[in-house]
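Student: Could you walk me through this one? I'm new to it and don't know where to begin.

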Amino acid sequence: MNAPDQLRLLAVHAHPDDESSKGAATMAKYVAEGARVLVATCTGGERGSVLNPALDRPEVWERLPQIRTEEMARAREILGVEQEWLGFVDSGLPEGDPLPPLPEGCFALVPVEEAAAPLVALIRRFKPQVVTTYDERGGYPHPDHIKTHDISVHAFEAAGDPDRYPELGEPWQPSKLYFHMSFTKPRMVATHEAMLARGLESPYAEWLAGWDDSKDISHRVTTRVPCGEYFELRDAALIAHATQVDPTGRWFACPLELQREVWPTEDYELARSLVDSTVPEDDLFAGVRSGVPVP
Ligand SMILES: [Zn+2]
């Protein structure tokens, strides 16, 4: 493969707002360094709820899909990223016992081969060296997040193969695939303890008490990207998704200065690599930078 002329990162996400809660500071950092960063949003978030009590009103519910598009536009601007919709329909988070069937036509029900096609086309067009997505459990058990993982892995492997999806453009093989690993117990514990040590009230005790240790993923972290100076942008982008986040909620409980002191990174697992890069790493582009002019 020829040396790339520019660093390009593709972040694949399930819904508008996921890009702002997973890897947002990393994206803002690479944008500031001159890389191109593209967010692929699989669904329109049509079946999301209104999670901000201040906006839980009938007129907001009526226009929710449109409002979420507008919120995404603001978040995209704040982070400085490009963004494209892959055009699938939100599956919603099934609740109840037994779980209800998934709604007809939703993203989670589209077969992987078909659902990955727009992403293969996007990879071939954008030519990213690095792709980020969720782990095989989706990071959290939303059917759209699991499907996002499935199509990302599928597209990562298919995009460079001229025999697969031949109608979707010239093959392009990304060099590295990462899974988000920032939502870990060690980070939560460190944040919780630091808040208590400062005499602050921590909202995390209940969260920690209910944490299932068997599902801990922290041992899988290979890559910690220092991005503390971009936490303000991350939070501003998340708050731009006003219907999806309560600005007084526990996401924002810990002062940013303290977060920077305790855990100034966003963390990832290097899931596939076609280049030489030794882990642990602190850079998603480690091993692909040679040949790319420093901005
Ligand atoms: Zn989501």
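Tutor: Keep in mind that this is a predicted model. A good place to begin is the metal site, where the donor residues of the zinc ion follow the sequence spacing H-x2-D-x126-H.

Student: Which protein atoms are the donors of the zinc ion?

Tutor: They are ND1 of His-15, OD of Asp-18, listed twice, and NE2 of His-145, and they lie 2.1 to 2.7 Å from the ion. Asp-18 belongs to helix α1, residues 18-21, while His-145 belongs to helix α7, so this pair ties together parts that are 127 residues apart in sequence.

Student: Are Asp-18 and His-145 buried or exposed?

Tutor: Both Asp-18 and His-145 are buried.

Student: And what is the geometry of the site like?

Tutor: The site is irregular, with angles of 52 to 141° among its 4 donor atoms. For comparison, the ideal angle for four tetrahedral donors is 109.5 degrees.

Student: Changing topic: which residues touch the most other members in the largest nonpolar core?

Tutor: Those are Leu-10, Leu-86, Leu-119 and Ile-151, in a core of 30 residues. The elements that contribute two or more residues to this core are β1 (8-13), β2 (36-43), β3 (82-88), α6 (117-126), α7 (143-158) and β5 (176-180).

Student: What does Leu-86 touch, leaving out residues up to four places away in sequence?

Tutor: Leu-86 touches Ala-40, Thr-41 and Cys-42, and also Pro-118, Leu-119, Leu-122 and Ile-151. Apart from this core there is another one, of 28 residues, and its members include Ala-11, Ala-28, Ala-35 and Leu-79.

Student: Leu-119 came up twice, so which residues are buried in α6?

Tutor: In α6 the buried residues are Leu-119, Val-120, Leu-122, Ile-123, Arg-124 and Phe-126. The buried residues of this helix pack against β1, β2, β3 and α7.

Student: What comes just after α6?

Tutor: Just after α6 is Lys-127, which takes a positive phi of about 55°. Lys-127 sits in the loop between α6 and β4 (130-133), and with a relative accessible area of 33% it is partly exposed. Most residues other than glycine have a negative phi.

Student: What about Tyr-165, what is its phi?

Tutor: Tyr-165 has a positive phi of about 45°, although it is not a glycine. Tyr-165 is placed in the loop between α7 and β5, and it is buried, with a relative accessible area of 8%.

Student: Where are the cis peptide bonds that involve Pro-98 and Pro-280?

Tutor: A cis bond joins Asp-97 and Pro-98, with omega about 0°, and Pro-98 is in the loop between β3 and α5. Another cis bond runs from Val-279 to Pro-280, with omega near 0°, and Pro-280 lies in the segment after β7.

Student: Now the aromatic rings: how many aromatic pairs are there?

Tutor: The count comes to 6 aromatic pairs. In one of them, the ring centres of Phe-88 and Phe-107 are 4.8 Å apart and their planes are at 35°, so the pair is tilted. This pair links distant parts of the chain, as Phe-88 is in strand β3 and Phe-107 is in the loop between β3 and α5 (112-115), 19 residues apart. Phe-88 is buried, at a relative accessible area of 13%, and Phe-107 is also buried, at 0%.

Student: How is the pair of Tyr-178 and Tyr-268 arranged?

Tutor: That pair is edge-to-face, with 6.0 Å from centre to centre and 75° between the planes. Tyr-178 lies in strand β5 and Tyr-268 in strand β7 (residues 265-273), so the pair ties together parts that are 90 residues apart in sequence. Both tyrosines are buried.

Student: Which residues form the aromatic cluster?

Tutor: One aromatic cluster is formed by Phe-183, Tyr-204, Trp-207 and Trp-211. The charged end of Arg-250 sits over the ring of Trp-207, 3.7 Å from its centre. Elsewhere, the charged end of Arg-234 sits over the ring of Phe-231, 4.2 Å from the ring centre.

Student: Last one: what is Thr-184 in contact with, apart from its neighbours within four places in sequence?

Tutor: Thr-184 is in contact with Trp-211, Ile-217 and Ser-218. Thr-184 is found in the loop between β5 and α8 (185-197), and it is buried, with a relative accessible area of 3%.

Conventions
Residues numbered from 1 in each chain as written. Predicted model: local features only at pLDDT ≥ 70, side-chain atom pairs only at ≥ 80, totals over all residues. Heavy atoms only, no water. Core = buried A, V, L, I, M, F, W, Y, C linked by side-chain atoms within 4.5 Å. Buried < 20%, exposed > 50% of the residue type's maximum accessible area, 1.4 Å probe, protein only. Helix = DSSP H or I, 4+ residues; strand = E, 2+ residues; numbered from the N terminus. Contact = heavy atoms within 4.5 Å. Donors = N, O, S within 2.8 Å, 3.2 Å for Na, K, Ca; no water. Tetrahedral: all angles 85-135°; square planar, octahedral: opposite > 155°, others 65-115°. Phe/Tyr/Trp six-rings, centres within 6.5 Å; stacked < 30°, edge-to-face > 60°. Lys NZ or Arg CZ within 6 Å of the ring centre and 35° of its normal.
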